[in-house]
Amino acid sequence: MVDPQLWPYFTAFESEAALRGLELDLSLAGITGELVPIREYSLAVSCSNGGRYFTRETSIDSDFWDIADNADRGFILFHELGHCYLFRSHLEACQESGIWASLMRSGTLNSCRDLYNVRTRPYYLDELFEAGKN
């Protein structure tokens with residue numbers, strides 16, 4: 001089950017993947033999404049892969065969601081779906097310019113600058129899904 005507020009981002013993930021040659025179905029994969037209070041310090045999201053029944057659950061902090069804009073919501077959900085569906089790990093790499101090289105950065109290191117915006121989004125999505133093909 002996916003919270004109705006999250007569903008548009010799930011379908012956008014599928015659409016962006018299709019534009020890059022990946023056909024995927026998050027429902028068929030059994031990935032769920034929920035908005036819940038997450039009280040762990042500095043954690044706004046989580047993806048749980050595994051467990052007894054191999055569930056893949058994406059949890060988004062409801063307080064974060066309430067204050068985030070559309071771009072931040074998309075960023076965070078695409079990042080988590082990168083973990084849950086594409087099985088991507090964090091990539092803590094900078095481009096030569098000093099900006100993050102991947103949407104899959106953890107956000108816990110301050111070694112690079114964040115430059116995710118409407119102009120750089122295609123680069124980050126290309127990197128996300130291209131690496132997801134491997």
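1. Two rings of Phe, Tyr or Trp (for Trp, the six-membered ring) are taken as a pair if their centres lie within 6.5 Å, with planes under 30 degrees apart counted as stacked, over 60 as edge-to-face and the rest as tilted. On that basis, a search of the whole structure, which is a predicted model, finds seven aromatic pairs.

2. Among these pairs is that of Y116 and Y124, whose ring centres are 5.9 Å apart and whose planes meet at 55 degrees, so the pair is classed as tilted. Y116 and Y124 are both buried. Y124 also pairs with Y123, and here the centres are 4.9 Å apart with the planes at 75 degrees, so this pair is edge-to-face.

3. The two sequence neighbours in that edge-to-face pair have separate burial classes: Y124 counts as buried because its relative accessibility is 2%, whereas Y123, at 36% relative accessibility, counts as partly exposed. Taken together with F75, the tyrosines Y116, Y123 and Y124 make up one aromatic cluster.

4. A charged side chain is also found against an aromatic ring, since R121 lies over the face of F78 at 5.6 Å from the ring centre. R121 returns below as a partner in a salt bridge.

5. Turning to the interior, the largest nonpolar core has 29 residues, and the members that touch the most others are L6, F10, F13, L103, L128 and F129. Two or more residues of this core are supplied by each of the elements α1 (7-19), β1 (31-36), α3 (70-84) and α4 (121-132), and the largest share, five residues, comes from α3. As a general matter, nonpolar side chains in soluble globular proteins tend to be buried together.

6. F129 deserves a separate comment. If neighbours within four places in sequence are set aside, F129 is in contact with F13, E16, A17, R20, L22 and L86. Two of these contacts, E16 and R20, are also members of a network of salt bridges.

7. How many salt bridges does the count come to? The count comes to five. In general, side chains of opposite charge can pair when their charged atoms come close. One of the salt bridges joins R121 to E16, with the closest N and O atoms 3.3 Å apart; this pair links distant parts of the chain, as R121 is in helix α4 and E16 in helix α1, 105 residues apart. R121 counts as partly exposed because its relative accessibility is 28%, while E16, at 15%, counts as buried.

8. Another of the salt bridges is formed by R20 and D126, for which the closest N and O atoms are 2.7 Å apart. This pair likewise links distant parts of the chain, with R20 in the loop between α1 and β1 and D126 in helix α4, 106 residues apart. R20 has a relative accessibility of 17% and so counts as buried, whereas D126, with a relative accessible area of 39%, is partly exposed. E16, R20, R121 and D126 are linked in a network of salt bridges.

9. A further salt bridge is that between D114 and R105, whose closest N and O atoms are 3.1 Å apart. Is each partner here buried or partly exposed? D114 is partly exposed, with a relative accessible area of 49%, and R105 is buried, with a relative accessible area of 11%.

Note on methods: Residues numbered from 1 in each chain as written. Predicted model: local features only at pLDDT ≥ 70, side-chain atom pairs only at ≥ 80, totals over all residues. Heavy atoms only, no water. Buried < 20%, exposed > 50% of the residue type's maximum accessible area, 1.4 Å probe, protein only. Lys NZ or Arg CZ within 6 Å of the ring centre and 35° of its normal. Core = buried A, V, L, I, M, F, W, Y, C linked by side-chain atoms within 4.5 Å. Helix = DSSP H or I, 4+ residues; strand = E, 2+ residues; numbered from the N terminus. Contact = heavy atoms within 4.5 Å. Salt bridge = Lys/Arg side-chain N within 4 Å of Asp/Glu carboxyl O.
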